[in-house]
Amino acid sequence: MNNTQTSKNSLMKSNWILVSTAKNNENKVAATLGKKGFTAYCPSTSVLKKVSGSKSIMKQLPVFEGFVFVLADKSQAAAILSVPGVLNMMYWKSNPVSITEEEMSGIKMIADNYSSINISKIPVSGERMNIVE
């Protein structure tokens, strides 16, 4: 399951970039970016949440909490950053993080074919961790 908002504009020299969002604003940001002519992608996963007592409901939550993928180029940074709920673009060595089409295809394939996805951090040497059985 995912939220993809598609642009009707052709974006030459565009790459997928990673945008950080305010908490719980991923889908709203993706929708607003779509209305502004961008292609935005926010993969989601099904999660069972307890609501009261023994009652549970199935909710769709973003796979990457606090992030949205956007197809854009550097010149469109100001328009992206002006969207309510966008905190910043993710950078590496002073350039927006660029995700290849091949990498995005892999992310989309997993998101579209698996209903329950859990992203977890891989522990590093010396880091404390809890083991739950």
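Which exposed residues does the face of H1 turned away from its buried side carry? The answer is best reached by way of the chain as a whole, which is known here from a predicted model.

The chain has 133 residues, of which 33% are buried. Three helices and nine strands are present, and from the N terminus they follow the order β-β-α-β-β-β-α-β-β-β-β-α. Of the contacts between residues at least 6 apart in sequence, 73% join residues at least 24 apart. The accessible surface of the chain amounts to about 9,300 Å², and carbon and sulfur atoms account for 54% of that area.

Within this arrangement, helix H1 spans residues 26-35. Its buried residues are Glu-26, Val-29, Ala-30, Leu-33 and Gly-34. Viewed down the helix axis, these buried residues lie within an arc of 135°, so they line one face of H1. The face turned away from that buried side carries Lys-28 and Lys-35, both exposed, which settles the opening question. After H1 comes Gly-37, with a positive phi near 100°.

H1 also takes part in the largest pocket, whose volume is about 180 Å³. The pocket is lined by Lys-23, Asn-24, Asn-25, Glu-26, Asn-27, Lys-28, Leu-61, Pro-62, Glu-65 and Gly-66. Two elements, helix H1 and strand S4 (55-62), each give two or more residues to this lining; H1 gives the most, with three. By character, the lining comprises two nonpolar, four polar and four charged residues. Glu-26 and Lys-28 thus appear in both descriptions: each belongs to the pocket lining, while in H1 Glu-26 is buried and Lys-28 is exposed.

Technical notes:
Residues numbered from 1 in each chain as written. Predicted model: local features only at pLDDT ≥ 70, side-chain atom pairs only at ≥ 80, totals over all residues. Heavy atoms only, no water. 1 Å grid on protein atoms, 1.4 Å probe; cavity = no way out; pocket = protein on both sides within 12 Å on 5 of 7 lines; lining within 4 Å. Points joined across faces, edges and corners; volume = space filled by probe spheres on them. Helix = DSSP H or I, 4+ residues; strand = E, 2+ residues; numbered from the N terminus. Nonpolar A, V, L, I, M, F, W, Y, C, P; charged D, E, K, R; others polar. Buried < 20%, exposed > 50% of the residue type's maximum accessible area, 1.4 Å probe, protein only. Arc of directions from axis to C-beta. Contact = heavy atoms within 4.5 Å. Areas by Shrake-Rupley, 256 points an atom, 1.4 Å probe, with all protein chains shown as cover.
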